[in-house]
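Please look at the model shown below and follow its strands and helices while reading this report.

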Amino acid sequence: MSSSPAASEVSPIADAAPLSLCARSPHVPADRLVAEMVPPPRFDSVRFATYLPDPNQPSQTEAVRVLEGFAAGLGGAHAAGGGRRGFFGFGKARAPKAPAGPRGVYLDGGYGVGKTHLLASLWHATPAEPALKAFGTFVELTNLVGALGFQQTVVTLSGHRLLCIDEFELDDPGDTVLVSTLLGRLVDAGVALAATSNTLPGKLGEGRFAAADFLREIQGLSARFRALRIDGEDYRHRGLPEAPAPFSEEQVAKAAYATPGASLDDFPQLLDHLAKVHPSRYGALTDGVTAVCLTDVRPVPDQSTALRLVVLADRLYDREIPVLASGLPFDKLFSEEMLNGGYRKKYFRAISRLTALARDAKGLVAAE
């Protein structure tokens, strides 16, 4: 693959030029979207026992206790009485209606209190084979519906024991109706639900839309979950040094050439490229990439671009890919208007995650 424009100004240090994300336009088949609905690599080895509750936050210890009990209760037969159904569900008998009442847990808390760690631990602890458990972000779930169609998504997931949804976000009324209806169908089929978000179920959508239909859908969705509040500060900033300041363009380019598998791209050009790639493919965009090097980081120009960057930041964080950058620090990416608007939780999450990845990338720059 060709290197970025910034790379052409630096003499090669490694045998091959860096990769370029801008040169990639991956195709992701629908079956890969289903197969990849497992905890991301960053959370492969997490368990309830590896979660370290803050002793000053008893809600964290309580959440572990409740989730361990929830996982244990998911053993045995599928709640609707059926076994695993095939990808297209042929031959499956009609399942009886699941018991009334909440069929899920909802982890609410701020950034970096370990919600995803706990959600992935629940997935690992649930006594069912991986093919009967699904784990994905809210965006990945809506992308799955887009790839398979609504009815086929219901058929595909109805035989599951558990569906975990990370970073539950409702960006428009259409997504609200879609996901509310989908989860209702899955609960009726006996699927247990677990989700994380930065907002309580009854408060989702505040600051975005005020339509009566939207709020009514939120209220119905809220009844599906038992909400667990998890208090605490962002662990990524708990006792850790400040994120490193951006490096020079020359340092970033040299590090990209010296790091096998690194990518090197001009930040504004990468933002333009993201508009040409569906967000469901951002994970595949980083396949085989060991580090992302960016030059000329500058404020994101508009909200559509900002939301795409949030998705990319999530995929990089999930895959533990360090990010080395020149230009402005990551806490200057989003305007004050964005940080005070309806999507502020997404933007703060992106800043937190990119900051953590920038810290991870510091060692890529050779000491001078």
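## The sheet of three strands

In this predicted model, an open sheet is formed by 3 strands in the order β6-β7-β8, and their pairing is parallel. The edge strands, each of which pairs on one side only, are β6 (262–266) and β8 (323–327). On average, neighbouring strands of this sheet are turned by 15° against each other, with direction ignored.

Strand β7 (residues 291–297) is joined to β8 by 4 bridges, and the two run parallel. Cys 293 stands opposite Leu 324, which belongs to β8.

## Helices across this sheet

Helix α8 (residues 249–258) lies across β6, β7 and β8, and it runs at about 155° to β8. Helix α9 (residues 267–274), for its part, lies across β6 and β7, running at about 110° to β7.

## The sheet of five strands

Another open sheet has 5 strands, which follow the order β2-β3-β4-β1-β5 with parallel pairing. Here the edge strands are β2 (133–137) and β5 (225–230), each pairing on one side only. Neighbouring strands in this sheet are turned against each other by 15° on average, direction ignored.

Strands of a sheet in general pair through backbone hydrogen bonds, in either a parallel or an antiparallel manner. Between β2 and strand β3 (residues 162–166), the pairing is in the parallel sense and extends over 5 bridges. Phe 135 stands opposite Cys 164, a residue of β3.

## An aromatic pair between strands

The structure holds 5 aromatic pairs, and one of them is formed by Tyr 106 and Phe 225, which meet edge-to-face with 5.3 Å centre to centre and 75° between the planes. Because Tyr 106 lies in strand β1 (residues 104–109) and Phe 225 in strand β5, the pair ties together parts that are 119 residues apart in sequence.

## Two helices in contact

Two packed helices are described by the angle between their axes together with the distance between those axes. For helix α2 (residues 58–72) and helix α3 (residues 115–125), the axes come within 9 Å and cross at roughly 25°. Angles under 35 degrees count as roughly parallel, and α2 and α3 are therefore roughly parallel to each other. The crossing in which α2 passes α3 is right-handed.

On the side of α2, the contact is made by Ala 63, Val 64, Leu 67, Phe 70 and Ala 71, while α3 contributes Leu 118, Leu 122 and Ala 125. Sorted by class, this contact of α2 with α3 has 8 nonpolar residues, with no polar and no charged residues.

How values were computed. Residues are numbered from 1 along each chain as its sequence is written. This is a predicted model: local features need pLDDT of at least 70, side-chain atom pairs count only at pLDDT 80 or more; totals for chains, interfaces and linings use all residues. Side-chain values use heavy atoms; hydrogens and water are left out. Axes are lines fitted to C-alpha atoms, for helices over the stretch in contact, and angles run from 0 to 180 degrees between N-to-C directions. Angles under 35 degrees count as roughly parallel, over 145 as roughly antiparallel, 65 to 115 as roughly perpendicular and the rest as oblique. A crossing is left-handed if the near helix is turned anticlockwise from the far one by less than a right angle, and right-handed if clockwise. Contact means heavy atoms within 4.5 Å. Ala, Val, Leu, Ile, Met, Phe, Trp, Tyr, Cys and Pro count as nonpolar, Asp, Glu, Lys and Arg as charged, and the others, Gly among them, as polar. Two strands pair if DSSP finds at least two bridges between them. Rings of Phe, Tyr and Trp (its six-membered ring) pair if their centres lie within 6.5 Å; planes under 30 degrees apart count as stacked, over 60 as edge-to-face and the rest as tilted.
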